[in-house]
Amino acid sequence: MNTRSGGQPSAVPEAILNSGEVVLPPRISRVNGCSLPLHCFQVVTWAVFVGLSSATFGIFIPLLPHTWKYITYVVTGGIFSFHLVIHLIASCIDPADSNVKLTKDYSQPVPIFDRAKHAHVIQKQFCHLCNVTV
Ligand SMILES: [Zn+2]
């Protein structure tokens with residue numbers, strides 16, 4: 001069983017870094033990839049997309065020979081547009097199970113999980129945090 005410095009049983013989901021530092025999740029659940037507070041990966045993915053788009057369309061393609069330039073604009077533009085649409089869809093959907101979506105109130109803090117009562121959050125297709133069958 002995980003224990004904190006005070007010897008109390010650990011009651012909330014957590015991750016332990018290599019340095020031994022305990023990282024707690026935000027108290028309010030994220031609904032989708034647009035929910036605040038943003039995770040650093042959310043910022044990095046958009047920054048990489050904007051950076052690669054700028055470099056590709058602003059620097060690399062204009063340096064190509066005239067005949068290749070327009071073909072590359074069309075092919076690369078299609079690929080980047082497809083990626084943008086998929087990225088927006090993936091960021092805006094709520095990945096929660098349909099039973100959780102029906103019952104969960106996202107404005108409430110994340111429920112506390114008691115490791116003394118249950119070994120895992122989800123056992124036999126029942127979520128002990130949401131109290132629903134998933
Ligand atoms: Zn749940």
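The following exchange goes through a predicted model and asks how its descriptions were reached.

User: What makes up the overall fold of the protein chain, read along the sequence?

Analyst: The protein chain has three helices and five strands, and along the sequence these follow the pattern β-β-α-α-α-β-β-β. Of its 134 residues, 18% count as buried.

User: How do you know what the chain looks like over residues 43–63 and 70–90, where UniProt places a feature, and which feature is that?

Analyst: The feature comes from an unreviewed UniProt entry, which gives "transmembrane region" for residues 43–63 and 70–90. In the model, residues 43–63 are 86% helix and 0% strand, with the end C-alpha atoms 29 Å apart. Residues 70–90 are 100% helix and 0% strand, and there the end C-alpha atoms are 30 Å apart.

User: Why is the pair of F57 and Y73 called stacked?

Analyst: Two rings pair if their centres lie within 6.5 Å, and planes under 30 degrees apart count as stacked. The centres of F57 and Y73 are 6.2 Å apart and their planes stand at 10°, so both conditions are met and the pair is stacked. This pair links distant parts of the chain, since F57 belongs to helix α1 and Y73 to helix α2, 16 residues apart.

User: Why is the pair of F57 and F80 called edge-to-face?

Analyst: For this label the planes must be over 60 degrees apart. The rings of F57 and F80 have their planes at 75° and their centres 5.3 Å apart, so the pair is edge-to-face. Here too distant parts of the chain are linked, with F57 in helix α1 and F80 in helix α2, 23 residues apart.

User: Which residues do ring pairs link into a cluster, and how many aromatic pairs are counted?

Analyst: The cluster consists of W46, F49, F57, Y73 and F80, and the count comes to four aromatic pairs.

User: How do you know whether F57, Y73 and F80 are buried or partly exposed?

Analyst: Buried means under 20% relative accessible area, and partly exposed covers the range from there up to the 50% limit for exposed residues. F80 has 18% relative accessibility, so F80 counts as buried. F57, with 26%, is partly exposed because this value lies between the two limits, and Y73, with 29%, is partly exposed for that reason as well.

User: What makes the nonpolar surface patch, and where does L64 lie?

Analyst: The patch of about 500 Å² is made by L64, W68, I71, V75 and I79. L64 lies in the loop between α1 (40–60) and α2 (66–92). Patch residues need over 30% relative accessible area, and L64 has 32%, so L64 passes that limit while still counting as partly exposed.

User: What makes β3 and β5 the edge strands of the sheet?

Analyst: Three strands form an open sheet in the order β3-β4-β5, with antiparallel pairing. β3 (122–123) and β5 (132–133) each pair on one side only, and they are the edge strands.

User: How do you know that β4 and β5 pair?

Analyst: Two strands pair if at least two bridges are found between them. Strand β4 (residues 126–127) and β5 share two bridges in the antiparallel sense, so the requirement is met. C127 has V132 in β5 as its bridge partner.

User: What makes the phi of K124 and of Q125 worth a remark?

Analyst: Most residues other than glycine have a negative phi. K124, although not a glycine, has a positive phi of about 50°, and Q125, also not a glycine, has a positive phi of about 60°. K124 lies in the loop between β3 and β4, and Q125 has its place in that loop too.

User: Why are K124 and Q125 called exposed?

Analyst: Exposed means over 50% relative accessible area. K124 has 85%, so K124 counts as exposed, and Q125 has 56%, so Q125 is exposed as well.

User: Why is D105 called partly exposed, and how far is D105 from S29?

Analyst: D105 has a relative accessible area of 41%, which lies between the limits of 20% and 50%, so D105 is partly exposed. D105 is placed in the loop between α3 (98–103) and β3. D105 and S29 are 76 residues apart in sequence, while in space they are 9.4 Å apart, C-alpha to C-alpha.

Terms used
Residues are numbered from 1 along each chain as its sequence is written. This is a predicted model: local features need pLDDT of at least 70, side-chain atom pairs count only at pLDDT 80 or more; totals for chains, interfaces and linings use all residues. Side-chain values use heavy atoms; hydrogens and water are left out. Patches are made of residues with over 30% relative accessible area and no salt bridge: like charges are joined within 9 Å, nonpolar side chains (Val, Leu, Ile, Met, Phe, Trp, Tyr) within 5 Å. Accessible areas come from the Shrake-Rupley method with a 1.4 Å probe; for residues, only the protein chains shown count as cover. A salt bridge is a side-chain nitrogen of Lys or Arg within 4 Å of a carboxyl oxygen of Asp or Glu. Helices (H or I, at least four residues) and strands (E, at least two) are DSSP runs, numbered from the N terminus. Buried means under 20% relative accessible area, exposed over 50%, partly exposed in between (1.4 Å probe, protein chains only). UniProt positions are given in the numbering used here, feature names are shortened, and annotations may be inferred rather than shown by experiment. Rings of Phe, Tyr and Trp (its six-membered ring) pair if their centres lie within 6.5 Å; planes under 30 degrees apart count as stacked, over 60 as edge-to-face and the rest as tilted.
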